[in-house]
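Okay, let's get going. I'll put the structure up, and then we can walk through it together.

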Amino acid sequence: MLYNVDVNKMNRLMEENKDVKQIISQLLENHHTTVSTIAHEIRNPLTLVSSALQMIQAQHPEVLEFSHWSQTLEDVEFMRQLLEELSTYNNGNTLHYSVFSIGQFLKNIAISFAISLDEEESDIEFSSRVPDNLGDFTGDKVKLEEVLLNLLRNAKDAVAGEGTIRLYAERKRKSLDIHVQDNGCGIPKEHLESIFEPFQTYKEDGTGLGLSISKRIIEAHGGTLSVASKEGDGATFTIRLPI
Ligand SMILES: Nc1ncnc2c1ncn2[C@@H]1O[C@H](COP(=O)(O)OP(=O)(O)OP(=O)(O)O)[C@@H](O)[C@H]1O
Ligand SMILES: [Mg+2]
C-alpha cells in the first residue's frame with residue numbers, strides 16, 4: 001500500500017528524472033488496468049449470484065425465515081458495493097468534464113438527500129444554504145455528486161439517527177468552497193490524517209473507501225478536501241475547488 005509520504009517521494013523522483021517518470025507512469029497504468037479488470041471480472045459472477053438469490057427468495061419466500069438469509073444477501077450486496085467502489089477509486093482521476101451551474105447542482109443534491117431522510121422518517125435535521133452567485137463550474141458532475149453523497153452519508157452515520165447536518169457553499173475570490181457540517185460523534189485527533197487513506201474505517205460495515213475516493217476526485221479537479229473536527233463535537237468537511 002502506498003501512503004501519502006511514498007506518493008510524495010514518487011512524485012519527486014518523477015520530476016527529477018524523465019525515464020523514471022515514464023516507467024512509473026506505465027507501471028501505474030498497468031496497475032490501474034489490473035485492479036479494474038479484477039474488480040470487473042468478479043462483479044459479473046457476483047451479479048449472477050445476487051440475481052439467483054433474489055429469484056430463490058421470490059419463488060420460496062419461506063427462506064426469509066432462515067436466520068442467515070438476510071445476512072447472506074447483505075454480504076453479497078456489500079461485496080458488490082466494494083467492487084464498485086474499488087473501480088471508482090481506481091478511476092478517480094479520470095474526469096469527464098462539462099460546464100454546469102454549481103448552485104443548481106448543489107440544490108438538487110440537497111433536495112434528494114432531504115427526500116431520502118423523509119422516506120426513512122429520520123429525526124435528522126437537514127438544512128442547506130446555497131447562494132445564487134455561485135456561477136458555472138467546469139468539472140465532472142457525476143464524480144462530484146459521488147463526493148457529496150459520500151460526505152453526506154458519513155455525516156448521517158456520525159449523527160446516528162438524530163442531530164443536524166448542514167450543506168452550505170460560498171464563492172470566494174479564487175475558490176468555490178462547499179461545506180458538509182454535522183454535530184455528530186466527531187473524529188479523534190489521532191484519526192484525522194488516516195481517515196483519508198484507502199480502507200481506513202472505524203465502522204463495522206464500512207469499506208473505508210469513501211473519503212479516499214472523494215479526496216482523489218477533488219484533487220483531480222485541482223482542489224482540496226479537508227476536515228475540521230474534534231472528538232465528540234461534530235465535523236466539517238470542506239471541498240475547495242479552484243475557479
Ligand atoms: N462526518 C464524520 N464524523 C465522524 N467521523 C467521520 C465522519 N466522516 C468520516 N468519518 C470517519 O472516517 C472514517 C473513514 O470514512 P470513509 O467514508 O472513508 O469510510 P467509511 O464511511 O468508514 O466506509 P465507506 O467506504 O462505506 O464510506 C469513518 O469510518 C469514520 O470513522
Ligand atoms: Mg463513508
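Quick bit of vocabulary before the details: when I say polar contact, I mean a pair of N or O atoms within 3.5 Å. And keep in mind that what you're looking at is a predicted model.

So, let's start with the ligand. A backbone N or O atom of Tyr-202 lies 2.9 Å from an oxygen atom of ligand 1, so that pair falls within the 3.5 Å cut-off for a polar contact. Then there's Leu-211, where a polar backbone atom is 2.8 Å from a ligand 1 oxygen. Gly-210 does something along those lines too, with a polar backbone atom 3.2 Å from an oxygen of ligand 1.

How much of ligand 1 does the protein cover? On its own the ligand has 590 Å² of accessible area, and the protein covers 92% of that. As for where it is, ligand 1 sits in the largest pocket.

Which elements give two or more residues to the shell around it? Those are helix H5, residues 141–159, helix H6, and strand S7, residues 235–242. H5 gives the most, with three residues. In total, 21 residues surround ligand 1, and the closest are Asn-154, Thr-201, Lys-203, Thr-207 and Leu-211. If you sort the shell by class, you get ten nonpolar residues, eight polar ones and three charged ones.

Now let's zoom in on H6. This helix runs over residues 210–220 and is mostly covered, with nine of its eleven residues buried. The buried ones include Gly-210 and Leu-211, the two we just met, and also Lys-215 and Arg-216.

Another residue in H6 is Ser-214. Why does Ser-214 count as buried? Because its relative accessible area is 0%, and buried means under 20%. Its side chain reaches the backbone oxygen of Gly-210 at 2.7 Å. So here's Gly-210 again, with a polar backbone atom 3.2 Å from a ligand oxygen.

Just past the end of H6, have a look at Gly-222, which takes a positive phi of about 80 degrees.

Last stop, somewhere else in the chain: Val-76, in helix H3, residues 69–90. Buried or exposed? Val-76 is buried, because its relative accessible area is 10%. To give you a feel for the layout, Val-76 and His-221 are 145 residues apart in sequence, and 33 Å apart in space from C-alpha to C-alpha.

That's my tour, thanks for listening.

Conventions
Residues are numbered from 1 along each chain as its sequence is written. Chains are lettered from A and ligands numbered from 1 in the order in which they are written. This is a predicted model: local features need pLDDT of at least 70, side-chain atom pairs count only at pLDDT 80 or more; totals for chains, interfaces and linings use all residues. Side-chain values use heavy atoms; hydrogens and water are left out. Buried means under 20% relative accessible area, exposed over 50%, partly exposed in between (1.4 Å probe, protein chains only). Helices (H or I, at least four residues) and strands (E, at least two) are DSSP runs, numbered from the N terminus. A residue is near a molecule or strand if one of its heavy atoms lies within 4 Å of it. A polar contact is a pair of N or O atoms within 3.5 Å; within protein, one must be able to donate a hydrogen and the other to accept it, and residues adjacent in sequence count only if both atoms are side-chain atoms. Accessible areas come from the Shrake-Rupley method with a 1.4 Å probe; for residues, only the protein chains shown count as cover. On a 1 Å grid over the protein atoms alone, a cavity is a set of points where a 1.4 Å probe fits but cannot get out, and a pocket is an open set with protein on both sides within 12 Å along at least five of seven lines; lining residues have an atom within 4 Å of a point. A molecule sits in a cavity or pocket if more than half of its atoms lie within 2 Å of its grid points. Ala, Val, Leu, Ile, Met, Phe, Trp, Tyr, Cys and Pro count as nonpolar, Asp, Glu, Lys and Arg as charged, and the others, Gly among them, as polar.
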